[in-house]
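Me: I have a structure open and would like to go through parts of it. Could you help me read it?
Reply: Certainly; please show it.

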Amino acid sequence: MNKPSTKIVEPDGKLGVLLPGMGAVATTFVAGVEAIKKGLAKPVGSVTQMGTIRLGKRTDNRSPLIKDFVPLAGLDDLVFGGWDIFEDSCFDAASNAGVLDRYLLEQIKPELEQTRPWPAVFDKQYVKKLDGTHVKSGGSKWDLMEKVREDIRNFKSSQNLSRMAMVWCGSTEIYMDPKDDIFKDLSAFENAMKQNHQSIAPSMLYAYAAIAEGVPYANGAPNLSVDFPAMVDFAKAQDVPIMGKDFKTGQTLMKTILAPGFKSRCLGLNGWFSTNILGNRDGEVLDDPESFKSKEVSKLGVLDYILQPEVYPDLYGDIHHKVRINYYPPRGDNKEGWDNIDIFGWLGYPMQIKIDFLCRDSILAAPIVLDLILFLDLASRSGMRGIQEWLSFYFKSPQAAAGLYPEHDIFIQLMKLKNTLRYLKGEELITHLGLEYYD
Ligand SMILES: NC(=O)c1ccc[n+]([C@@H]2O[C@H](COP(=O)([O-])OP(=O)(O)OC[C@H]3O[C@@H](n4cnc5c(N)ncnc54)[C@H](O)[C@@H]3O)[C@@H](O)[C@H]2O)c1
């Protein structure tokens, strides 16, 4: 099925990038963009910058770069702003995060020093391991949300921006039950903000402020943020695209690459034990059981949805799936993730696979932030609103319409992403049927 090309507004003018939380991921992203703009490095890992898209038949030889196919904002048009509970400039925060080497950072120091976070909306109750000094105070949660809206408007006018997009790169907040009544409808949620309801976490205030200002929003952490009916309704009413949650990097990325492979060959699975050592601030925050609970829920869902035990009881009906994160300071951002996977084959004979992934968390997450900013902006200019399921590709725990199970298989997610781009441009969707080549 293809349709006439959607009218996509051209990306004229500057695009403001709003980052609540300017820690390891956010500063690695900002520094990376500045380094790429100066020709010091390549945007490896970014589908918007390096990915191609096949158009038409396999014999047509049309595979443009995605950025040449759909009208995306250019890197030169990005202007960065954000909030943090620490006052450090983007340069100091990137130096402290210790992800990128000093030599690279020194070459982009003037650009990074220009970005200084605005005071954050923060409450220790939701991130127990942090103490912030650079924070907004006074009034109700509603009043604090209004202050975030003011920051957004000031950023837009002072930087002469034509559009903005926001990606939550803040710490993981404690687990919250999405079934709480205040999340069910917008007026209950708005009243709850005014009454300082304790189920309203800071990330929700940033998200509400963004949507109220017509700014698309994505959530890179596993806390609820926009993943409940009141916020979905609000985004639809405001014509704003939203998506979440939890960047798909590291171990879960591996899981969503491997599990569809096992299932495609009908290989069984008895168990998957995953453990990590991680020494950055994110690791420290996740050392708190309440923040870890948000992460655990997000990480555990993946296998069930991909392997469908109810459809394949003989292969996946009895899986032992465990995920552990251990805070271990010497490792810094260079996480090590071990997986022990117990699979079985023909006649039930068992086999094992061991993975030792020496990864770099923020190096894997930074290109995701870039792609989300550019695709959210594209969605907004294309008149798309509410949950952007085609961006599931980037998330551990993708949001989906009520009553719809989320799609976790990375290959299906990629096909969906590319078909959405084809659809927006009125190109034929690719089904891979291909019978015409054999007629
Ligand atoms: N790096 C990855 O691979 C990865 C993958 C999935 C999800 N995430 C999530 O992305 C988020 C960022 O990760 P990171 O490694 O950059 O962590 P980080 O600790 O380095 O950075 C988070 C920053 O958010 C700030 N912050 C906390 N609460 C805030 C608030 N209310 N307002 C403004 N700022 C606030 C902290 O001060 C800190 O600077 C975390 O929630 C993490 O779980 C990261």
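Me: Which strands does helix α11 lie across?
Reply: Helix α11 (residues 250–264) lies across β7, β9 (336–344) and β10, and runs at about 15° to β9. Axes are lines fitted to C-alpha atoms, for helices over the stretch in contact, and angles run from 0 to 180 degrees between N-to-C directions. Contact requires C-beta atoms, placed from the backbone, within 7 Å. Helices (H or I, at least four residues) and strands (E, at least two) are DSSP runs, numbered from the N terminus.

Me: What about helix α13, what does that touch?
Reply: Helix α13 (residues 289–307) packs on the sheet and touches β7 and β8; its direction makes about 150° with that of β8.

Me: Is this a prediction, and how are residues numbered?
Reply: The model is predicted: local features need pLDDT of at least 70, side-chain atom pairs count only at pLDDT 80 or more, and totals for chains, interfaces and linings use all residues. Residues are numbered from 1 along each chain as its sequence is written.

Me: What is the strand order in the sheet?
Reply: The order in this open sheet of four strands is β8-β7-β9-β10, with mixed pairing; strands pair if DSSP finds at least two bridges between them. The edge strands, β8 (320–327) and β10 (350–358), each pair on one side only.

Me: In which sense do β7 and β8 pair?
Reply: They pair in the parallel sense, over eight bridges. Isoleucine 277 stands opposite asparagine 326 in β8.

Me: New topic: is leucine 105 buried or exposed?
Reply: Leucine 105 is buried, because 20 other C-beta atoms lie within 10 Å (buried means 20 or more, exposed 12 or fewer, partly exposed in between, with C-beta atoms placed from the backbone). Leucine 105 lies in helix α5 (residues 102–107).

How values were computed:
Contact = placed C-beta atoms within 7 Å.
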